[in-house]
Amino acid sequence: MADDLDDVTDESSESSEALIAVHWREEGYYPPPPSFVAQANASDPAIREQFTEDKYPDCFTAYADLLTWYKKWDTVLDTSNAPFWKWWVGGELNASYNCVDRHLATHPNKAALIFVPEPESEAHQAITYRELYVRVNEFAAVLKELGLKAGDRITFHMPMVPELPVAMLAAARLGVIHSQVFAGFSGTAAGHRIADSGSTVLVTMDGYYRSGELLDHKVKADEAVEAAAKEGQQVDKVLVFRRYPGQYSAKTPMVEGRDVFVDDLLAAHKGEIVEPTALKATDPLFLMYTSGTTGRPKGCQHSIGGYLSYVAGTSKYYQDIHPDDTYWCMADIGWITGHSYIVYGPLALGTTSVIYEGTPNYPDAGRPWRIARQLGVNIFHTSPTAIRMLRKVGPEEPAKYDFHFKHMTTVGEPIEPEVWRWYYDNVGKDEAVIVDTWWQTETGGFLGSTLPGIDPAKPGSCGPAALGVYPVILDEDSNEVPAGSGKAGNICIRNPWPGVFQTIWGQPERFVSTYYAKYNKDPKSTDWRDWPYFAGDGATQAADGYFRILGRVDDVINVAGHRLGTKELESAALTVNEVAEAAAVPVVDDVRGRVVEMYVSLKPGFDATPEIEAKVKTAIETDIGKIARPKNIWIVPDMPKTRSGKIMRRVIAATSNFTDTGDITTLANPEVVEKIRHQVQSVKVAKGEVPRELSETELHEISSFGSE
Ligand code: WTA
């Protein structure tokens with residue numbers, strides 16, 4: 001014990017309280033193959049010179065020029081009501097026109113969307129730009145008939161089906177602000193968002209396939225309407241798409257006068273054309289809800305002109321989308337990734353975007369690779385969680401299928417270098433570039449990424465800042481944490497970029513206080529330089545300028561005054577061959593404040609043994625240091641996960657701390673919680689590790705750990 005304390009003291013004195021301890025190996029570089037560079041949209045490093053600070057903000061006209069405008073802007077960036085930035089002021093455009101109509105002249109018969117149903121017995125459906133145009137117009141006619149007009153809000157609670165982008169583009173055509181809620185969220189969660197946005201119309205679907213089951217989704221609409229009503233928001237109409245038109249797949253009855261089948265409504269508007277409305281660039285396009293530190297979700301409001309220009313530009317240069325590509329982003333349109341990089345970015349560029357209804361490992365872990373082979377997908381986009389899962393359940397699967405990606409993306413979480421390398425070698429087959437794109441719901445598009453035809457990739461780092469984005473890492477006292485210092489702090493963006501959200505719907509004070517107040521010294525200033533955007537992520541910058549994102553700043557474990565990034569710990573554990581997934585949580589400790597407990601699950605074919613535990617411990621000690629040595633390593637059958645696949649660290653943290661696991665109804669696998677609790681707590685009781693009663697602040701930390 002004395003030894004441990006000495007170690008703690010030694011290391012504590014090295015870094016200030018404000019800094020997150022960062023310890024990791026430097027990784028090697030992976031340059032793009034010449035075949036990729038030869039065809040890349042950005043292959044000349046001189047492109048960076050067009051986006052340097054002296055050319056800001058006008059540099060972004062290169063992105064706006066990718067769009068078709070009814071009226072060009074007068075002012076590129078208006079900062080007069082800081083930090084409520086306005087891009088392309090005076091400009092007028094329509095997002096639906098840009099993603100649909102304008103492509104009819106050049107390639108009406110090209111697939112805009114290819115829908116892949118989950119059941120493999122159902123053929124995929126290619127929807128050409130011409131067909132998309134027809135469907136968007138007809139649905140816009142339906143919305144118009146309901147009396148919806150520019151500025152109204154509409155909520156979608158739709159699964160991954162082509163009707164969702166059709167509905168989004170129809171709303172955008174009229175200037176109706178859409179708010180899509182992830183289908184995996186409960187009806188009640190959708191109801192809160194309906195109420196917050198003040199929507200009177202809900203668009204849903206009767207059912208959809210998930211892991212082989214045709215789920216009754218309509219039942220959630222009834223719950224949503226009820227939950228919204230409790231908050232004083234009445235829903236007048238529920239529009240129900242049918243998974244199989246003409247045939248109702250849900251058991252829940254339709255409510256007379258309120259619920260209507262969309263296919264019935266569409267029949268009355270066959271072939272109808274609704275001209276796109278010319279809207280202000282600064283008008284809102286959509287709301288995307290994300291969770292925050294309070295219970296009330298934040299409706300991030302994105303603009304038409306700024307957002308669309310930014311996703312078009314980043315899709316072109318970072319996703320390297322060409323019109324002839326077949327692009328598949330396996331994210332869900334219910335998240336910002338799907339909005340920006342399934343729908344708006346790819347369609348603005350006139351490419352073919354694949355929509356897959358189901359889970360990646362249904363019926364087996366070869367499914368994504370069969371889809372890729374069948375459709376000739378050449379750009380593939382997914383999350384580290386999905387990569388980890390596919391690596392866990394089907395490490396050999398990619399090799400069995402003849403598909404070839406030129407480009408792959410990872411997004412949403414830090415990716416462990418071990419996992420990155422599996423993706424590169426096995427999915428990319430050593431011939432595809434990888435971009436690790438760092439950004440957020442709030443930011444609309446990528447903030448940090450390599451330019452794939454120019455910069456080498458470095459596993460575990462997102463790369464340099466995106467074009468025209470100037471980040472800085474600040475400590476708690478507003479001091480800059482320099483590149484190459486080995487220290488970490490809060491990553492901020494010094495300047496506005498076109499994709500940045502405009503406000504939190506209905507909560508402008510919260511917008512300012514959450515994202516801008518922390519480092520602003522003069523609330524009256526209208527100079528953007530006084531308003532660094534606080535991203536809420538810990539990061540460090542290597543000497544080469546590459547950023548490494550450590551996760552949310554509230555997702556760290558403070559061990560004896562050291563804040564350890566959970567991802568650092570997990571990355572170390574994942575270097576152990578047998579380990580498939582890892583999650584680190586804090587446990588309240590009387591001597592050191594917090595200690596780390598590590599939960600790991602193993603790849604198939606391995607059983608929990610003391611040897612594996614020892615290997616994990618050694619890996620952490622070797623990669624990070626004794627300070628991070630976990631108090632316990634629990635080898636569990638599975639991690640509790642949300643429907644979107646993120647590990648619910650607060651549930652594990654509660655288990656380790658003997659506190660209430662809270663609401664687990666949003667988990668994909670709630671049954672695993674009790675199993676883990678029994679496994680962990682019986683050992684802890686036997687070892688005499690039952691903690692004292694926690695204080696209120698400790699309880700708060702544990703119950704919200706990792707959930708922002
Ligand atoms: C994390 C998803 C590391 C980060 C687009 C951020 C990442 C949060 C990366 C936003 C990445 C996103 N590397 N961490 N490449 N991308 N994150 O709003 O903590 O769902 O703040 O947006 O995900 O999550 P959100």
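**Group meeting: a walk through the model**

Okay, let's start on strand 8, residues 177-180: Ile177 and Ser179 point one way, His178 and Gln180 point the other way, and all of them are buried. That fits a general habit: in a regular strand the side chains alternate between the two faces of the sheet. Before I go on, remember that this is a predicted model.

So who sits beside strand 8? One partner is strand 7; the two run parallel and are joined by four bridges. If you want a spot to click on, Ile154 stands opposite His178 of strand 8.

Zoom out and you get the whole sheet. Eight strands make up an open sheet with mixed pairing, and the order is 13-12-9-7-8-15-16-24. Strand 13 (259-261) and strand 24 (503-504) are at the edges with a single partner strand each, so each has one side without a neighbour in the sheet. For strand 24, have a look at strand 16, residues 298-303: those two run antiparallel, with two bridges between them. Cys300 is the residue opposite Ile504 of strand 24. As a reminder, strands of a sheet pair through backbone hydrogen bonds, either parallel or antiparallel.

Now, what packs against this region? Let's take helix 7, residues 187-197. Nine of its 11 residues are buried, so the helix is largely enclosed by the rest of the structure. Among those buried ones are Gly187, Ala189, Ala190 and Gly191, and also Arg193 and Asp196. Their packing partners are strand 7 (153-157), strand 9 (201-205), strand 15 (284-290) and helix 8 (218-230). Right after helix 7 comes Gly198, with a positive phi of about 70°.

On to the ligand. Which residues are closest to it? Those are Asp436, Thr437, Gln440, Thr441 and Asp537, out of 15 residues that surround the ligand. Let me go through some distances. In the side chain of Asp436, an N or O atom is 2.6 Å from a nitrogen of the ligand. Asp537 has a polar side-chain atom 2.6 Å from a ligand oxygen. For Gln440, the distance from a side-chain N or O atom to an oxygen of the ligand is 2.9 Å. As for coverage, the ligand on its own has 520 Å² of accessible area, and the protein covers 88% of that.

Where does that shell come from? Helix 11 (336-348), strand 21 (433-437) and strand 26 (547-552) each give at least two residues to it. By type, the shell splits into six nonpolar, five polar and four charged residues.

Two single residues to finish. Cys99 is in helix 4, residues 95-99. Its relative accessibility is 0%, so Cys99 counts as buried. Beyond its sequence neighbours within four places, Cys99 is in contact with Tyr129, Leu169, Leu308, Tyr344, Leu347 and Ala348. Leu349 is 250 residues away along the chain, but the C-alpha atoms of Cys99 and Leu349 are 7.4 Å apart.

The other residue is Arg391, in helix 13, residues 384-393. Buried or exposed? Arg391 has 7% relative accessibility, and the cut-off for buried is under 20%, so it counts as buried. Setting aside neighbours within four places in sequence, its contacts include Glu418, Trp422 and Lys603, along with Leu574 and Val579. Arg391 is 239 residues from Asp152 in sequence, and their C-alpha atoms are 44 Å apart in space.

That's my tour, thanks.

Note on methods
Residues are numbered from 1 along each chain as its sequence is written. This is a predicted model: local features need pLDDT of at least 70, side-chain atom pairs count only at pLDDT 80 or more; totals for chains, interfaces and linings use all residues. Side-chain values use heavy atoms; hydrogens and water are left out. A residue is near a molecule or strand if one of its heavy atoms lies within 4 Å of it. A polar contact is a pair of N or O atoms within 3.5 Å; within protein, one must be able to donate a hydrogen and the other to accept it, and residues adjacent in sequence count only if both atoms are side-chain atoms. Accessible areas come from the Shrake-Rupley method with a 1.4 Å probe; for residues, only the protein chains shown count as cover. Ala, Val, Leu, Ile, Met, Phe, Trp, Tyr, Cys and Pro count as nonpolar, Asp, Glu, Lys and Arg as charged, and the others, Gly among them, as polar. Buried means under 20% relative accessible area, exposed over 50%, partly exposed in between (1.4 Å probe, protein chains only). Contact means heavy atoms within 4.5 Å. Two strands pair if DSSP finds at least two bridges between them.
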